[in-house]
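Subject: Structure handover

Hello,

Here is the structure I promised to pass on. Please open it alongside this email, as my notes follow below.

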Amino acid sequence: MSIRFAVPPPTQGDVDDHSTSSGSDSEYYTEEDNNFEDWVSDQAQIQPCRSLFEDKSFPTSADALEFDKSTHAFDLEATRKILRLDLHRRIRLINFIRKHNPTPTDVGNLTGAESFFSSDEYLIPVIEDDPLLQLDFDDEWSDDEDSRSTGLPPSPPSDLSSALRRIQVLEEKLSQAQKDMTDYRNLVTKKLDISSITEIINEPAPSTSKALQDDDTHYFQSYGYNDIHAVMIQDKVRTSTYASFILTNPILFRDAVVLDVGCGTGILSLFAAKSGAKHVYAIEASDIAEKAEKIVRANGLEDIITVIRGKVEEIELPDDVSHVDVIISEWMGYALLYESMLDSVLYARDKFLRPDGGVMAPSQCRIMLALCEGSEITKDRVDFWGDVYGFDLSEMAHKVTDEAIVDVVGPDSVVSEPYLLKDLHLKTITPRQLDFTSTFTLTSTSSMRTKIHAFVLYFDTFFTTTCEPLPPDVPVRLIKDGDVTLAEVWPVGGKPAPHRRASIGPGLKQREQKKVISFTTGPTSQATHWKQTLFLLKDPILAEEGTVVSGTFYCKKSKRNSRELDVEIHYSVRKGEEGPAGDVVVQMYKVR
């Protein structure tokens, strides 16, 4: 879904310079302008407006209403009065007509008791910036119950007391009408945060027999099959980096009690045992746990590794073990946070990790955003459908831009320096902070005019033995095929991996503490099974060197499935740092 607003982007005063975490949706604009209703009404009067019953556009809303009145014998104002429609019910009526195209006769037969008059679905504009939704009708409020029932105008006040009472009632009605308009504006805009409205529409109807939401069953079943584990283990960047950290830090792992959250086949537990761990508790909720147990026995490590079947939130460690020294886990999903496994890892941290010096591996992750030329992805995912063996299948591409795309893009397709959206320190971050908002500024580095078809998102992952936060200027390692990191822990060409004798000589601990091991899922490094996450733009950005794209990035768990993500990107474009900002464009995506 894409929306364009002819308003300036948020200023630095609206959102912090960097990411802010929140358990709520986007904040609203404050009510600082007392003349907003006048501004809306003026804008509505001068905007082109489409007829309610024909696909004809008129210079103003008044012209459109007059056409409907003279041609179709439909008077919106008269209908509003006859059905006694307040602001919200009037808006629902307009959107109902726009969406379902009833005849004027059908509309004339409405009684006001129809279900759509109370449905939030019809608060959503069918036509963006519909002038008819913004008109300020001169509502004739009355405190006279008889006049309401008869439709006759109220009699004039007979004395000062009744006149004052009438004024008071009218002021209250006016105040309520203004509040209704404010509430509606907040509902539709929510500081351009439309995703929550979509969630209202998609909410299932109330049911007395509604079952509890189950986001876990399918998730854990998917990890019960071999293929997904083969893909992960064969990801050399992923597996070799974990192996390198575990096997080259003997002081950290020797005689340590280790917890492996989501152990899968148990590969990380095997590394930890090989590095000298005293005991490893491998937690796994999927059916692969049965094979993990057999793998442990096949490698003669059943005295060191204990596989525990279940969710980490529901298990207790055996042998009266209350705390562990190290937690290892490969919890990262697409766009880092997809699958929401990090919530379980943080639960394990808070319950089981030794508070004085316990280590999280990995210890830190960064979410990065950049501009992407992305023409090849667009050709494959969108343009392809326009001509399939001579047939127009473009309907298949209709909502492609509503879904994030997981794919690999080449380093040459990235046309800006990356921007750090979110820095996650695993020792201290809380689950509530995983829903976040971040401003961003991206400057095109393309030496020629180009079309930017997407934002590209990826993440960097860091391992340290101290879990101390690394500053943003610490670079991530770029891994290429054949790099030493791969060769050290992955047999190449049938040759065994080189064996290093463990050393505990002077200075080893200090060297381990300073060591930083990392990998990136970005386009400039060897591709991983996480690939990159692409947010295709409905309208490409025409950019040249120095073009600035700035805005706000919103990310939160989906209410319909907590393992999926809802992403909303608000952005505007300007030519150079000092150029005026263009329209604010809003696009919403599902990561699933």
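Start with β18: nine of its 11 residues are buried, so the strand is largely enclosed by the rest of the structure. Bear in mind that this is a predicted model.

**Neighbours of β18**

β18 runs antiparallel to β17, and 11 bridges join the two. Ser550 has Ser572 of β18 as its bridge partner. β18 also pairs with strand β19 (residues 584–591). That pairing is antiparallel too, with seven bridges. Here His570 stands opposite Val586 of β19.

**Cavities**

I searched the whole structure. Three cavities of 30 Å³ or more turned up.

The largest has a volume of about 70 Å³. Its lining includes Trp331, Leu336, Leu337, Ser340, Met341 and Leu342. Asp343, Leu434, Asp435, Lys557 and Leu565 are also among the lining residues. Helix α16 (residues 341–352) gives the largest share, three residues. By class, seven lining residues are nonpolar, one is polar and three are charged.

The second largest cavity holds about 50 Å³ of space. It is lined by Ala335, Leu337, Ile367, Phe436, Leu457, Phe553, Cys555, Leu565 and Val567. β17 (547–557) and β18 (565–575) are the elements that give two or more residues to this lining. Its nine residues are nonpolar, with no polar and no charged ones. Look at Leu565 and Leu337: both appear in the lining of the largest cavity and in that of the second largest.

**Aromatic pairs**

The whole structure has 18 aromatic pairs. Take Phe245 and Phe253. Their ring centres are 6.1 Å apart and their planes stand at 80°, so the pair is edge-to-face. Phe245 is buried, with a relative accessible area of 1%. Phe253 is buried as well, at 0%.

Phe440 and Phe455 form another edge-to-face pair, at 5.7 Å centre to centre and 75° between the planes. Phe440 sits in strand β13 (residues 436–443) and Phe455 in strand β14 (residues 450–463), so the pair ties together parts that are 15 residues apart in sequence. Both Phe440 and Phe455 are buried.

One more item to look up: which residues do ring pairs link with Phe96 into a cluster? They are Phe116, Phe117 and Tyr122.

Best wishes

Technical notes:
Residues numbered from 1 in each chain as written. Predicted model: local features only at pLDDT ≥ 70, side-chain atom pairs only at ≥ 80, totals over all residues. Heavy atoms only, no water. 1 Å grid on protein atoms, 1.4 Å probe; cavity = no way out; pocket = protein on both sides within 12 Å on 5 of 7 lines; lining within 4 Å. Points joined across faces, edges and corners; volume = space filled by probe spheres on them. Helix = DSSP H or I, 4+ residues; strand = E, 2+ residues; numbered from the N terminus. Nonpolar A, V, L, I, M, F, W, Y, C, P; charged D, E, K, R; others polar. Buried < 20%, exposed > 50% of the residue type's maximum accessible area, 1.4 Å probe, protein only. Pairing = 2+ DSSP bridges. Phe/Tyr/Trp six-rings, centres within 6.5 Å; stacked < 30°, edge-to-face > 60°.
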